[in-house]
Amino acid sequence: MNIFRPSPDDLYSNTAALGPRIGEQVARLRGDLRLGLSAVLFDEASASLVAWVENLTEERLAAMLRLGQAEMVVTGRRAAALGLYSGAAPTGAVRLSLQGATSLADLHALAGRSDIAPTEAVVTPGGPAREAHEAAILLAKSEQVLPAVLVVDLSAQEPQIAQLGLVSMQARDVIATLAAEPAQARVSLAKLPMAVSDSGRVHVFQTGNSSEEHYAIEIGNPDLSKPVTVRLHSACFTGDVLGSKKCDCGPQLRGAMQAMSDDAGGVILYLNQEGRGIGLANKMRAYGLQEAGLDTVEANHWLGFEDDERDFRAGATILHRMGIRQIRLMTNNPAKIAILSAHGIEVVERVPLHVGHTDCNERYLATKAAKSGHLLP
Ligand SMILES: Nc1nc2c(ncn2[C@@H]2O[C@H](COP(=O)(O)OP(=O)(O)OP(=O)(O)O)[C@@H](O)[C@H]2O)c(=O)[nH]1
Ligand SMILES: [Zn+2]
């Protein structure tokens with residue numbers, strides 16, 4: 001009789017499969033940093049203890065400061081907003097030396113919290129940013145947290161820190177994982193009668209190793225084998241749900257749905273990239289700054305973000321998964337056409353979508369045309 005007995009090698013590989021893969025380790029890392037825990041990031045020659053300023057508590061800040069000289073790492077955009085560069089802002093992460101005692105309120109103000117009093121704390125540019133610094137900033141952006149990180153070099157204390165159960169990773173692996181386009185798995189699909197059309201279906205896609213979800217909404221019965229009318233829409237809670245007059249999102253969403261229903265149907269890709277990818281909390285901070293006179297792009301920069309932090313590759317991936325190859329794209333944003341085309345979707349036609357202009361969003365739309373390349377009517 002042939003009895004299967006796993007060899008020691010099989011047993012080892014079976015057990016190894018239970019352990020976290022790199023993408024899963026990054027997911028754990030993001031979870032820990034969001035909780036306000038610190039984590040250890042290794043690069044060429046060093047180990048850095050990193051924590052996001054926005055999520056730090058007084059107690060953990062004090063514990064980090066006791067370990068050694070702490071530095072803050074921000075983006076070039078934020079460093080420029082702090083007045084550290086007169087010319088163009090450097091790209092990527094920038095190290096800042098903290099001079100003297102630094103409280104949590106000081107760090108929050110340096111990070112760009114526009115809702116708290118400005119700080120008297122003095123900062124000066126530090127040495128060149130390392131991979132660990134870049135990784136910590138990318139992680140914060142990926143969780144829609146202000147890109148500002150407290151860092152302590154761990155060269156001396158590494159064995160002591162190893163006892164604490166903090167997540168540790170190679171910075172290079174974090175950077176590579178965050179740059180990769182994650183898989184999109186369709187987890188559910190059901191019919192949904194809507195005001196614009198009795199026939200419609202909602203597909204829910206979940207993104208590998210993160211809590212992100214995107215939706216594809218079929219309006220009517222589009223023939224997916226022919227060029228499909230598609231709207232690649234980014235979530236806007238204030239516009240889509242509240243009917244905000246500060247942007248054109250709500251009217252664009254409803255206008256696209258109506259046009260699809262009036263024609264041969266279509267697909268709305270509703271990507272959860274609130275606030276051009278900076279999240280609702282930061283979008284509201286940006287609105288606060290806009291009340292003080294900044295435009296939509298300047299406000300993003302002031303908070304340390306780029307003009308547009310969205311990754312439209314998810315849109316292309318979802319279209320491929322649905323078997324859609326050719327589209328008529330309803331948009332005024334050439335960047336959307338470029339990314340979809342670069343990822344194997346043929347945009348056979350651009351359908352302009354100029355609706356919802358109000359006195360309140362005149363400056364917003366003019367700024368998008370002037371600075372972000374949006375096409376005018
Ligand atoms: N950061 C930031 N985001 C904003 C602001 N106003 C609107 N948004 C967001 O901007 C995004 C607009 O999305 P879309 O309408 O899909 O994109 P678009 O780039 O305008 O392109 P088209 O509408 O297709 O021409 C949404 O995620 C909104 O939440 C703002 O002042 N600041
Ligand atoms: Zn909006």
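**Exercise 1.** By class, how many nonpolar, polar and charged residues does the shell around ligand 1 have? Work this out for the predicted model shown above, and then describe where the shell comes from.

*Solution.* Begin with the classes: the shell around ligand 1 is made up of six nonpolar, 11 polar and four charged residues. Next, look for the residues that come nearest, which, of the 21 around the ligand, are Ser-234, Cys-236, Thr-331, Asn-332 and Asn-333. Then turn to the elements, where two or more residues of the shell are given by each of strand S11, helix H10 (249-262), helix H11 (274-277), helix H12 (279-291) and helix H13 (296-302). Finally, find the largest share, which is the three residues that come from H11.

**Exercise 2.** In what order do the seven strands of the open sheet stand, and why is one side of S8 and of S14 left without a neighbour in the sheet?

*Solution.* Reading across the open sheet, the order is S8-S9-S10-S12-S11-S13-S14, and the pairing is mixed. Strand S8 (184-191) and strand S14 (346-351) stand at the edges and have a single partner strand each, so one side of each lacks a neighbour in the sheet. From one strand to the next, the twist averages 25°.

**Exercise 3.** How do strands S11 and S13 run, and how many bridges join them?

*Solution.* Strand S11 (residues 228-234) and strand S13 (residues 326-330) run parallel and are joined by three bridges. As a position to find in the structure, take Val-228, which stands opposite Ile-327 in S13. To finish, locate helix H15 (residues 334-342), which packs on the sheet and touches S11, S13 and S14, while its direction makes about 165° with that of S14.

Note on methods. Residues numbered from 1 in each chain as written. Chains lettered and ligands numbered in written order. Predicted model: local features only at pLDDT ≥ 70, side-chain atom pairs only at ≥ 80, totals over all residues. Pairing = 2+ DSSP bridges. Helix = DSSP H or I, 4+ residues; strand = E, 2+ residues; numbered from the N terminus. Axes fitted to C-alpha atoms, helices over the stretch in contact; angles between N-to-C directions. Contact = placed C-beta atoms within 7 Å. Near = placed C-beta within 6 Å. Nonpolar A, V, L, I, M, F, W, Y, C, P; charged D, E, K, R; others polar.
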